[in-house]
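Colleague: I'm new to this one and would like a close look at a single part, the fold of one chain. Could you walk me through it, and add a few local spots worth finding on screen?

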There are 2 protein chains.
Amino acid sequence: MKLIYSNDHRDHAGAKEMRYDQMIPMSESPERMDMIMTALAEAGFSDAVAPNAHGLEVAHQVHDPAFVSFLERCYPLWEAEFGPGGFATAYTFGMRGMDQQPNPSVHSMLSCYTFDVCVPFVQGTWQAIRSAKDVALTGVDLIHQGERSVFSLCRPPGHHASRDMAGGYCYLNNAAIAAQAHLNTGAKRVAILDIDYHHGNGTQSIFYDRSDVLFASLHCRPEDEYPFLMGYAREVGKGPGRGYNVNLPMPRGTDYGVWGPALAIALARIHSYAPDVLVVSLGVDSFAGDPVGGFELQSPDFVAIGQAIAQAGLPTHFVMEGGYAMEALGTNVANVISGYSKI
Amino acid sequence: MKLIYSNDHRDHAGAKEMRYDQMIPMSESPERMDMIMTALAEAGFSDAVAPNAHGLEVAHQVHDPAFVSFLERCYPLWEAEFGPGGFATAYTFGMRGMDQQPNPSVHSMLSCYTFDVCVPFVQGTWQAIRSAKDVALTGVDLIHQGERSVFSLCRPPGHHASRDMAGGYCYLNNAAIAAQAHLNTGAKRVAILDIDYHHGNGTQSIFYDRSDVLFASLHCRPEDEYPFLMGYAREVGKGPGRGYNVNLPMPRGTDYGVWGPALAIALARIHSYAPDVLVVSLGVDSFAGDPVGGFELQSPDFVAIGQAIAQAGLPTHFVMEGGYAMEALGTNVANVISGYSKI
Ligand SMILES: [Zn+2]
Ligand SMILES: [Zn+2]
């Protein structure tokens, strides 16, 4: 399987995030990608290709162009006000119930275009965002050229980013951009299977009223876990999208005995949808040892996940999302790819 | 002038707030009230009375009862999960564009019912919130009993709190509760003059579609200052409330040469409205030395402010809001009350 990877994410680093009563180093670090690339190589997957540069056209199809522009300009505007060395972050956010539009100040844009304190901007953030988008789009190109499966090793991740809001380590929604690009290059229907521990609220909201993208997500239920206000089973889509959003929320502590059958349900829905391409939002923070997770999946379970996805028999585009247990992250990701490839 | 004051706010203390890249002690401290009470006494104002206990009925007229219940239950729920000693705060917030309701988890409620990282909850927070509401309502009782002017020394402040969201050190909106109670006890029209440095977004939103409460605010413009997304002059009210919301935003660096004429505009509008009672959201963070402010008002200017308010010739209910320059806070507040009383 071809791996699309670039080092352009490396300078998106060094910021902190608020977690309750303290500021902590970001769990979402450049070293995550080293763990993953090393484990993939050890498992025999070393066919890495660099991404090709793409424009912002597809990003503008699934995101508000003003939001994308904010992502590019945020850190420079911040540095112009505060000087170099720190990071930009919002501490207050848009409020419900009043019509709120950002003005040109960076504070106003941070308040409007982010929804939490887990999307800091440093000098290298925009380069990483843009590169992750190219990593996703190059995967689309390869599938279009006939590859049966590819793995876009995106960093930062994307599934929490909505049409016009960044949050939860996510800026542009790489999986949504990939799905849109698959449609642009000829696919009639695209399914997104999101197996990250957290609900892919951004991806859901982007395609919520559309039937050309089916979104199916396995995640920890909002009663127990971030983002706390979305991810319910009752969220089934609206308008033409009704029936094309499938949430499978599970309680904290869920193990593969429950998670595996939920995956089977999602894959059965995807089978009946008969997509031309399957995009997998591949997060492995469902692993038992994940510091920001709360599920009990074990490393061998990820082999079974890969096998189950392969049995869907679809052109498959893996897009990297979360996973923060540094000691097992690489193994868990490699296990999914191995399980997928061995069948 | 009678001062309504209680020490029940004291245990709302010890939490930190996020300001950009660090956690700092809350600027909104119990010691603020000591500075104010001491300076008032030195200026000859020492007729302090304790608040009478009131129920939550009026609070439920201007706030969502589920939100009020959250304010009461937040810290106990947090402590049940994390143990004593810390403070509860949200790090992620409700997102636009999806119908989001809180579930019973404290994290979900924090995400839904707060809009920034400046409303921590500690053991003593609810007692302080409830007491500040009683301090406001006791002021209403005294005006109803014939007092020409009273000063409700509320802490925590209230003007950033909306119908169902806390933020910016504010939990219940004391001034809005006071205005509603004045209406309940016979006033036909109430004007709220908000002279805090920050826009009173909560008060505005609560009365935005009503004509029985006129809201007029002098504040730093949203291009320059928190809350960044509201406080524009174009926000004039809607429906029956159209024309009853008056915003006078001014740029960072504004001094009394500009601020004073803006006050005259607000008072002229209040005069034409002919309210039965004037509620003053009294923040003094427009002072030049305020650590969270950006205006250039000097201490003697606050005497002039009090004089101008007195010239309106209305029953006047002062309600304490912000002000964080510890060395001058008391003097500035006492200057307003002296200026008002001497005319
Ligand atoms: Zn995740
Ligand atoms: Zn203020």
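Among contacts in chain A between residues at least 6 apart in sequence, what percentage join residues at least 24 apart?

Modeller: Happy to, and keep in mind that this is a predicted model. The figure you're after is 77%, taken among the chain A contacts whose partners sit at least 6 apart in sequence.

Let's start with the overall build. Chain A has 10 helices and 10 strands. Its radius of gyration is 18 Å, close to the 20 Å that the globule rule gives for 343 residues, so chain A is as compact as a globular protein of that length. Along the principal axes, its C-alpha atoms fill a box of roughly 55 × 45 × 40 Å. As for cover, 63% of the 343 residues count as buried. Chain A still exposes about 11,200 Å², and carbon and sulfur atoms supply 50% of that area. On the charge side, you'll find 22 positive and 36 negative side chains, with the centres of the two sets 6 Å apart.

There's a label from a record, too: an unreviewed UniProt entry places the feature "domain: Histone deacetylase" at residues 28-338 of chain A. Over that stretch the chain is 40% helix and 12% strand, and the C-alpha atoms at its ends are 24 Å apart.

Now zoom in on His12(A), which sits in the loop between strand E1 (2-4) and strand E2 (16-19). Its relative accessible area is 2%, under the 20% cut-off, so His12(A) counts as buried. Leaving out residues up to four places away in sequence, it touches a string of others, among them Met26(A), Glu28(A), Pro120(A), Arg155(A), Pro156(A) and Tyr171(A).

Two backbone spots in chain A are fun to look up. Tyr226(A) and Pro227(A) are joined by a cis peptide bond, with omega about 5°. Pro227(A) belongs to the loop between strand E7 (213-220) and strand E8 (245-250). The other spot is Ala274(A), which isn't a glycine yet has a positive phi of about 55°. You'll see Ala274(A) in the loop between helix H8 (256-273) and strand E9 (277-282). At 38% relative accessibility, Ala274(A) counts as partly exposed.

Chain B has its own places to visit. Ala191(B) lies in strand E6 (residues 190-194) and, at 0% relative accessibility, counts as buried. Beyond its neighbours within four places in sequence, Ala191(B) has contacts that include Leu214(B), Ile270(B), Tyr273(B) and Val279(B). Try picking out Phe318(B) as well: it is 127 residues from Ala191(B) in sequence, but the two C-alpha atoms are 12 Å apart in space.

Helix H6 (residues 174-184) of chain B is mostly covered, with 10 of its 11 residues buried. Those buried residues include Asn174(B), Ile177(B), Gln180(B), His182(B) and Leu183(B). After H6(B) comes Gly186(B), whose phi is positive, near 125°. In the loop between strand E5 (149-152) and H6 you'll find Pro156(B), which a cis peptide bond joins to Arg155(B), with omega about 5°.

Last stop: Phe228(B), in the loop between strand E7 (213-220) and strand E8 (245-250) of chain B. Its phi is near 70°, a positive value in a residue other than glycine. At 3% relative accessibility, Phe228(B) counts as buried.

Technical notes
Residues numbered from 1 in each chain as written. Chains lettered and ligands numbered in written order. Predicted model: local features only at pLDDT ≥ 70, side-chain atom pairs only at ≥ 80, totals over all residues. Heavy atoms only, no water. Helix = DSSP H or I, 4+ residues; strand = E, 2+ residues; numbered from the N terminus. Rg over C-alpha atoms; globule rule 2.2 N^0.38 Å. Buried < 20%, exposed > 50% of the residue type's maximum accessible area, 1.4 Å probe, protein only. Contact = heavy atoms within 4.5 Å. Areas by Shrake-Rupley, 256 points an atom, 1.4 Å probe, with all protein chains shown as cover. Lys, Arg positive; Asp, Glu negative; His and termini not counted. Charge placed at Lys NZ, Arg CZ, Asp CG, Glu CD. UniProt positions renumbered as here; feature names shortened; annotations may be inferred.
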